[in-house]
Amino acid sequence: MPLKTDALIIRENNRIGESDRFITALTRERGVLQASVRGARKVSSRSGSATSLLTYATLTLTEGKSKWIVTDAKPQRVFFELRDDMKKLALAQYFCELAGVLGPREERADAALRLLLNALHLLGTGEREPALLKAVVEQRLLMEAGYCPDLHACRRCGKQDGGMFLQPLSGLVLCPDCSLTTTEGIPLTAGAVAAWRWLITADEDKIFSFRLSPESLLPLAAASERFLLACLNRGFNTLDFYHSVE
Ligand SMILES: [Zn+2]
């Protein structure tokens, strides 16, 4: 039984000398999956252009022996505007790599797909700062995968307002008074704490609708990244590349 599903192409891998393309897609129906696209690299191939990186397409797939095979692909949205800007492209590729690691598998991925599509759209239009989009994508994908910091209150004294220091390994926060004896905390302004609380509790359709001053956005972005890397205990080539062109 073929599977027909909307999908964002989050990785494409073209092997030298082969006309086939191998892709990783974030699909609405089945989450992250790998597939091959026969003859995708032939000039006349329609499915070729619809299965390139950062394309949102309707895919028809059949299950092969070891992986899925794309038998038809119709593009719905190609994020051309991201391909012409090195910084935006680098960040978009990081979003894709993150989705490939944290996205659902063998189950529906409506929320993750909407998150990625909205983030790529806003990245392209420039309506939101890249650092803000990055923090939202990181934290919402982490939440989907079961990771969430506890930003409710200082873990020692219970203080809830003001700036905090995030402990990246535990995901707990300490107020400035209580953090004096540790060295691992990442400083968060009061605005950054409030924004982070918002982005782990807000409804999906409002998640990008906040703004932050640079004084709070930069600490939020830095802490979000440190927390993510600590949770996953790994790095990302696309993230390193983003920082190299940022
Ligand atoms: Zn405290």
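Q: Axes are lines fitted to C-alpha atoms, and angles run from 0 to 180 degrees between N-to-C directions. In this predicted model, which strands does helix 7 lie across, and at what angle does helix 7 run to strand 9?

A: Helix 7, residues 214–232, lies across strand 7 and strand 9. The angle between helix 7 and strand 9 is about 140 degrees.

Q: How should the order of strands in the open sheet be read, and which strands stand at the edges?

A: Two strands pair if DSSP finds at least two bridges between them. In this structure, four strands form an open sheet in the order 6-8-7-9, and the pairing is mixed. Strand 6 (150–154) and strand 9 (186–188) each have a single partner strand and stand at the edges, so one side of each lacks a neighbour in the sheet. On average, and with direction ignored, neighbouring strands of this sheet are turned by 35 degrees against each other.

Q: How many bridges join strand 7 to strand 8, and which residue stands opposite Leu172?

A: Strand 7 (residues 164–167) and strand 8 (residues 172–174) run antiparallel and are joined by three bridges. Opposite Leu172 of strand 8 stands Gln167. Helix 6 (residues 190–201) also packs on this sheet, where helix 6 touches strand 6, strand 7 and strand 9. The direction of helix 6 makes about 135 degrees with that of strand 6.

Q: What is the span of helix 5, and how many of its residues are buried?

A: An α-helix has 3.6 residues a turn, so residues three or four places apart point the same way. Helix 5 (residues 130–144) reaches 21 Å from its first C-alpha to its last, close to the 21 Å expected for its 15 residues at 1.5 Å a residue. A residue is buried if 20 or more other C-beta atoms lie within 10 Å of its own. By this criterion helix 5 is mostly covered, with eleven of its 15 residues buried. Among them are Leu132, Lys134, Glu138 and Arg140. The buried residues of helix 5 pack against helix 3 (86–102), helix 4 (110–125), helix 6 and helix 7. After helix 5 comes Gly146, with a positive phi near 100 degrees.

Q: Where do the domain bounds fall, and how many residues of each domain take part in the contact?

A: The domain assignment of the protein chain gives domain 1 as 3–78 and domain 2 as 87–245. Their C-alpha centres lie 29 Å apart. Domain 1 contributes 13 residues to the contact and domain 2 contributes 17 residues. On the side of domain 1 that touches domain 2, strand 1 (3–14), strand 2 (21–27) and strand 3 (31–37) each supply at least two residues. By class, that side of domain 1 has six nonpolar, three polar and four charged residues.

Terms used
Residues are numbered from 1 along each chain as its sequence is written. This is a predicted model: local features need pLDDT of at least 70, side-chain atom pairs count only at pLDDT 80 or more; totals for chains, interfaces and linings use all residues. Two residues are in contact if their C-beta atoms, placed from the backbone, lie within 7 Å. Domain bounds come from an automatic or database domain assignment. Ala, Val, Leu, Ile, Met, Phe, Trp, Tyr, Cys and Pro count as nonpolar, Asp, Glu, Lys and Arg as charged, and the others, Gly among them, as polar. The expected span of a helix is 1.5 Å times one less than its number of residues. A residue is buried if 20 or more other C-beta atoms lie within 10 Å of its own, exposed if 12 or fewer, and partly exposed in between; C-beta atoms are placed from the backbone.
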